[in-house]
Amino acid sequence: MNRIVLVTGGGSGIGKAVAARFRADGDTVIITGRNPERLAATAAELDVRSIACDAADPRQVADLAAELGEHLDVLVNMAGGNTDLQRSGEPADLEQVKDAWRANLDANLLSAVLTTTAVLCKLRPGGTIINVGSIGAENASTSYGAAKAALAAWNAGLSAQIGPKGLTANLIAPGYIEETEFFHGQLSEQRRTELIDATHNGRPGRPGDIAGTAHFLASEGASHLTGQTLHVNGGAHTTR
Ligand SMILES: NC(=O)c1ccc[n+]([C@@H]2O[C@H](COP(=O)([O-])OP(=O)(O)OC[C@H]3O[C@@H](n4cnc5c(N)ncnc54)[C@H](OP(=O)(O)O)[C@@H]3O)[C@@H](O)[C@H]2O)c1
């Protein structure tokens, strides 16, 4: 196909797999991230375009929108992660609690809101926005889970807002996905086993599982599917 696809956070992990999936279809793909070297290496590997951009920085997101062409067909808001995993120890005071919560809200909620706001006018009818939440939103005692839960709530309202323009918005909520940098080397073997044991199919998710779902959401077959959260987790969390 010849769609124009923007994948924020496309330099590694799930975003990289999503970019590769659309590129394999012949789409024009642009990936973003904060680390320009890694981004450029991934872009060269996948034969896609890269633009360095911190999705939580309004000025950088405005610059990104200006650098993109006039049209876009698919926006994948993949940029994010649990910023608590990059902190050492528990917050010592309320200032540190505030900083920790703000960091996860910026990384996982604001990043998608800013990017979507900046490029919405470029999306052509038939286009789609794919937000990426988390199974962590289902028991959100952490700032990461709360941020992803807020993202899912916002996604539903976004769908109502853009539906009349012929656009759809959905959120993919992955369970545990291996082969990513999400855990920053902090996932113990015991916790990994627990996460896999929680699935019905007894295996970890892989970036390709999410890429396949994103590709479906951007297909004609999903044109009446909007405002939804799709759980891709091997049954680790089920819905009615
Ligand atoms: N892996 C899992 O088990 C899992 C489960 C549920 C949900 N998720 C979600 O899936 C998404 C992808 O994560 P992943 O597992 O593929 O981990 P990953 O390999 O760490 O990928 C995250 C990507 O997002 C980019 N990124 C982070 N913050 C950014 C920002 N402010 N602006 C632009 N890019 C940013 C990172 O690149 P830079 O550092 O270069 O910016 C990185 O390429 C995240 O939203 C995560 O919360 C992952």
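## Strands, cores and ligand surroundings in a predicted model

D47 is found in the loop between α2 and β3, the latter spanning residues 49-52. The structure described here is a predicted model, and in it the phi angle of D47 is near 60°, a positive value in a residue other than glycine. With a relative accessibility of 52%, D47 counts as exposed, because the limit for that class is over 50%. A positive phi, of about 50°, is also found at H184, which is not a glycine either. H184 has its place in the loop between β6 and α6, where α6 covers residues 189-197, and its relative accessible area of 42% makes this residue partly exposed.

### The strands around β5

Strand β5 comprises residues 123-132, and seven of its 10 residues are buried, so that this strand is largely enclosed by the rest of the structure. Two pairings involve β5. Strand β4, made of residues 72-77, pairs with β5 in the parallel sense over five bridges, and in this pairing N77 stands opposite N131 of β5. Strand β6, made of residues 168-174, likewise pairs with β5 in the parallel sense over five bridges, with T128 standing opposite T168 of β6. The connection from β4 to β5 involves helix α4, residues 94-119, and these three elements make a right-handed β-α-β unit.

### The nonpolar cores

In soluble globular proteins, nonpolar side chains tend to be buried together. In this model the largest nonpolar core has 27 residues, and those with the most contacts inside it are V7, V18, F22, V29 and I31. The elements that each supply at least two residues of this core are β1 (4-8), α1 (13-24), β2 (28-33), α2 (36-46), β4, β5, α7 (207-217) and β7 (229-232). Helix α1 gives the most to this core, with five residues. Apart from it lies another core, of 19 residues, among them L75, L114, V119 and L120.

What is I31 in contact with, leaving aside its neighbours within four places in sequence? The residues are V7, G10, G11, A19, L39, T42, A43, V48, R49, S50 and I51. One of these contacts, T42, lies in helix α2 and has a relative accessible area of 3%, so it falls in the buried class, for which the limit is under 20%. When residues up to four places away in sequence are not counted, T42 touches G10, G11, K16 and I31; G10 and G11 also appear among the contacts of I31.

### The ligand surroundings

The ligand is surrounded by 31 residues, of which the closest are S12, I14, R34, A55 and Y144. Three distances between an oxygen atom of the ligand and a polar atom of the protein are set out in the table, two of them to the backbone and one to a side chain.

| Residue | Protein atom | Distance to a ligand oxygen atom |
|---|---|---|
| N35 | polar backbone atom | 3.0 Å |
| M78 | polar backbone atom | 2.9 Å |
| Y144 | N or O atom in the side chain | 2.7 Å |

Y144 therefore appears twice in this description, as one of the closest residues around the ligand and as the residue whose side chain has an N or O atom 2.7 Å from a ligand oxygen atom, a separation that lies within the 3.5 Å used for a polar contact.

Technical notes: Residues numbered from 1 in each chain as written. Predicted model: local features only at pLDDT ≥ 70, side-chain atom pairs only at ≥ 80, totals over all residues. Heavy atoms only, no water. Buried < 20%, exposed > 50% of the residue type's maximum accessible area, 1.4 Å probe, protein only. Helix = DSSP H or I, 4+ residues; strand = E, 2+ residues; numbered from the N terminus. Pairing = 2+ DSSP bridges. Right-handed = clockwise from strand over helix to strand, strands pointing away. Core = buried A, V, L, I, M, F, W, Y, C linked by side-chain atoms within 4.5 Å. Contact = heavy atoms within 4.5 Å. Near = heavy atom within 4 Å. Polar contact = N/O pair within 3.5 Å; in protein donor to acceptor, adjacent residues only side chain to side chain.
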